[in-house]
Amino acid sequence: QYRHVYVEAPKHDEKFEGLRLATTTGEQQYIKANSQFFAVALQGGGGPFAVVNYKDVGEYRPGAPTVSGHKSAVLDLEFNPFHEHVIASASEDATIKVWGIPQQGLTETLTEPLVDLTGHGRKVTLLRFHPTANNVLASVSADMSVKVWDIEKGSEMASYDDHKQLIQDIVWDHEGKNWATSSKDKKIRIGDPRSKSVVGCIDDAHAGAKSTKLAFLGGFDRLASVGFTKQSQRQIKFWDVRSLGGEPVHQIQLDQASGVIIPYYDVDTRVLYLAGKGDGNIRYYENIAEKPWAFALSEYRSTQAAKGTCFVPKRGLDVMRCETARCLKLVSQAGKACVEPLSFIVPRKSDSFQDDLFPDAFCGVPSMSADEWWAGANAKPRTAPLDPAKAGTSNASAPAKKFVPAKSAAQLTRELDVALATIKKLEAKLAAAGLSAE
């Protein structure tokens with residue numbers, strides 16, 4: 001049913017234009033999104049980044065409110081999948097900050113984060129929220145460590161420090177049991193954060209020197225890696241995670257272009273999207289359980305090269321238009337940047353909801369708490385119907401509880417200072433009235 005999917009490019013009045021992007025480069029995607037906002041790092045002091053509501057199409061106005069609280073540029077951003085208005089930022093200043101976005105979006109510049117996470121020794125390059133456990137965040141740094149945090153408590157849960165060279169990517173598996181990393185040493189490691197150990201390793205996954213990017217294929221026990229051959233040809237390999245160390249179960253040679261390709265996997269449709277930095281095109285492949293394992297569906301072509309891309313969660317799509325995926329493509333435009341929403345649509349004549357195209361999808365509700373996951377629990381992501389007629393009929397679609405971070409030592413100190421100052425004033429009033437505080 002996805003063989004004939006096509007891309008509907010946006011009209012001019014559906015684009016987001018005039019963004020002055022930060023000039024930092026790295027392993028990040030440069031743009032992240034949830035069902036209500038997208039976020040990009042901007043030029044300026046304090047590591048500012050914009051959080052833009054999808055309703056605010058058109059020109060991004062100069063002086064618009066931003067999030068600005070770092071001491072250096074922001075390198076990666078990550079929306080909390082269970083709290084639409086919570087976003088984490090990673091910076092060259094070696095810190096991670098967690099921010100609360102107002103319900104209506106930014107109305108003034110934010111400078112005070114909800115949570116500060118410190119522990120990395122060098123710049124923090126990548127962030128990934130856990131897919132099923134609430135408020136669990138993985139981070140990667142140029143200090144060659146992987147750390148796992150409980151952002152509600154503001155504490156480090158685990159750290160893995162045995163990478164010998166720079167880490168190029170990190171992804172969680174479908175249930176969040178393990179993470180996978182790619183590294184400059186050409187190894188792919190599968191790690192168990194709860195035992196703080198590596199449980200599997202692929203040596204020389206790709207022979208080329210450029211970055212390797214990863215995606216777990218949920219439901220198949222497979223891991224997709226996209227990298228380069230020695231001759232700098234781009235290729236994708238599929239690995240059986242139950243028997244790592246051998247040959248891939250399948251591989252596809254792509255082309256000779258130089259851009260790093262980032263894979264995005266849609267577990268509901270079993271379609272793998274390949275979007276390269278510097279590419280105008282986006283390839284997509286349907287995955288199956290047996291040979292030929294993956295076969296090409298089609299390819300979106302454009303003359304506009306992408307600086308970065310991301311995909312919107314399923315619950316943010318227009319399902320009545322048979323929109324099965326939406327990619328936000330970040331492109332350069334006359335010294336500024338533009339965000340183009342690309343809708344992947346299956347052609348259907350009926351105006352009714354298409355059950356075969358839209359199985360129950362991830363609903364944005366956690367399957368467990370951070371403490372339950374850390375104690376050893378595992379669970380599949382919670383799902384709910386996408387049919388608008390069934391909205392709210394599933395318990396799984398209930399909103400997550402409000403995000404309430406633990407107070408930091410600095411916050412507690414400030415509150416104590418205020419309380420002591422208030423007590424001092426009251427004592428002075430009592431003394432002036434000739435009364436004793438006792």
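Hi everyone, this is a short walk through one sheet, the cysteines and one loop residue. Please keep in mind that we are looking at a predicted model.

Let's start with the sheet. Four strands make it up, running β19-β20-β21-β22, and the sheet is open with antiparallel pairing. At the edges sit β19, residues 213-217, and β22, residues 250-253; each has a single partner strand, so one side of each is left without a neighbour in the sheet. Going from one strand to the next, the twist averages 15 degrees.

Now look at the pair β20 and β21. Strand β20 covers residues 222-228, strand β21 covers 234-240, and seven bridges join the two antiparallel strands. If you want a specific contact to click on, take phenylalanine 228, whose bridge partner in β21 is arginine 234.

On to the cysteines. How many disulfides does the structure hold? The count is zero. Take cysteine 310: the closest cysteine sulfur belongs to cysteine 327 and lies 6.8 Å away, which is too far for a bond, given that a disulfide needs the two sulfurs within 2.5 Å. Cysteine 310 is also buried, with a relative accessible area of 3%. Cysteine 201, on the other hand, comes out at 27% relative accessibility and so counts as partly exposed.

Last stop, alanine 391. You'll find alanine 391 in the loop between β31, residues 383-384, and α2, residues 409-432. Is alanine 391 buried or exposed? Its relative accessibility is 58%, so it counts as exposed. From alanine 391 to glycine 278 the C-alpha distance is 39 Å, with 113 residues separating them in sequence.

Thanks, and I'm happy to take questions!

Key:
Residues numbered from 1 in each chain as written. Predicted model: local features only at pLDDT ≥ 70, side-chain atom pairs only at ≥ 80, totals over all residues. Heavy atoms only, no water. Pairing = 2+ DSSP bridges. Axes fitted to C-alpha atoms, helices over the stretch in contact; angles between N-to-C directions. Buried < 20%, exposed > 50% of the residue type's maximum accessible area, 1.4 Å probe, protein only.
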